[in-house]
Amino acid sequence: MKTLLIMVGKTTGQLYTDAIADYAARITHYMPFEVVVIPELKATRNLSEAQQKEREGEAIGKLLQPADTVVLLDERGKEPRSVELAEWLSKWRQNSKRLVFVIGGPYGFSPDVYARADYKLSLSRLTFSHQMVRLIFVEQLYRACSIIKGDPYHHE
């Protein structure tokens, strides 16, 4: 099973890009993993939040395949513990051809993207910057992979 992370907008800050690249490389030791960045919209001054979400949603939709399992990182999603995320990932890896995680733009997701989602995942009830969410998520995905494999990264 291939796992894809779609992110709207580029990651800024060398600290974040280096750390995300490091965890992404680590994840590939456990499973096929790819990060796809959808470029930020240009000239958004005259676009409403809804219009921006709609355009970002169209770009996300172009990357999705009908058989994909789509997981949105969303503040209203379920908040699993790391071990629970690992159990969930293990189950979905057996049942899916491609697992796609999506980190949306600054205003969230369009109604069409929400309708396409199979699952919503929240990293915390706290609010993080988009840059931090990216890093926290890839670290948690790596942690889940290491838990599944029984590697000593996670201590509980």
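## Helix α5

The expected span of a helix is 1.5 Å times one less than its number of residues. In this predicted model, helix α5 covers residues 130-149, and its 20 residues should therefore span 28 Å at 1.5 Å a residue. The C-alpha atoms at the two ends of α5 are 29 Å apart, which agrees with that expectation.

After α5 comes Gly150, which has a positive phi, near 85 degrees.

## The sheet

The model contains an open sheet of 5 strands, arranged in the order β2-β1-β4-β3-β5, with parallel pairing. Its edge strands are β2 and β5 (119-121), each of which pairs on one side only. From one strand to the next, the twist averages 30 degrees.

Strands of a sheet pair through backbone hydrogen bonds, and the pairing is either parallel or antiparallel.

## Strand β1 and its partners

Strand β1 runs over residues 2-8. Because 6 of its 7 residues are buried, β1 is largely enclosed by the rest of the structure. With strand β4 (residues 98-103), β1 pairs in the parallel sense over 6 bridges. Leu5 has Phe101 as its bridge partner in β4, and Ile6 stands opposite Val102 in β4.

Strand β2 (residues 33-38) also pairs with β1, in the parallel sense and over 6 bridges. In β2, Val37 is the residue opposite Met7. Helix α1 (residues 14-27) joins β1 and β2 in making a right-handed β-α-β unit.

## Nonpolar cores

The largest nonpolar core has 27 residues, and Trp88 and Phe101 have the most contacts inside it. Two or more residues each come from β1, α1, β3 (69-78), α3 (82-95), β4, β5 and α5. Helix α5 gives the largest share of this core, 7 residues.

Which residues does Trp88 touch, leaving aside its neighbours within four places in sequence? Trp88 is in contact with Val71, Leu99, Phe101 and Tyr119. Apart from the largest core lies another core, of 14 residues, including Leu4, Leu64, Val102 and Ala117.

## Residues in more than one role

Two residues of β4 appear both in the strand pairing and in the cores. Phe101 is the bridge partner of Leu5, and Phe101 is also one of the residues with the most contacts inside the largest core. Val102 stands opposite Ile6, while Val102 is among the residues of the other core, the one of 14 residues.

Notes
Residues numbered from 1 in each chain as written. Predicted model: local features only at pLDDT ≥ 70, side-chain atom pairs only at ≥ 80, totals over all residues. Heavy atoms only, no water. Buried < 20%, exposed > 50% of the residue type's maximum accessible area, 1.4 Å probe, protein only. Helix = DSSP H or I, 4+ residues; strand = E, 2+ residues; numbered from the N terminus. Pairing = 2+ DSSP bridges. Right-handed = clockwise from strand over helix to strand, strands pointing away. Axes fitted to C-alpha atoms, helices over the stretch in contact; angles between N-to-C directions. Core = buried A, V, L, I, M, F, W, Y, C linked by side-chain atoms within 4.5 Å. Contact = heavy atoms within 4.5 Å.
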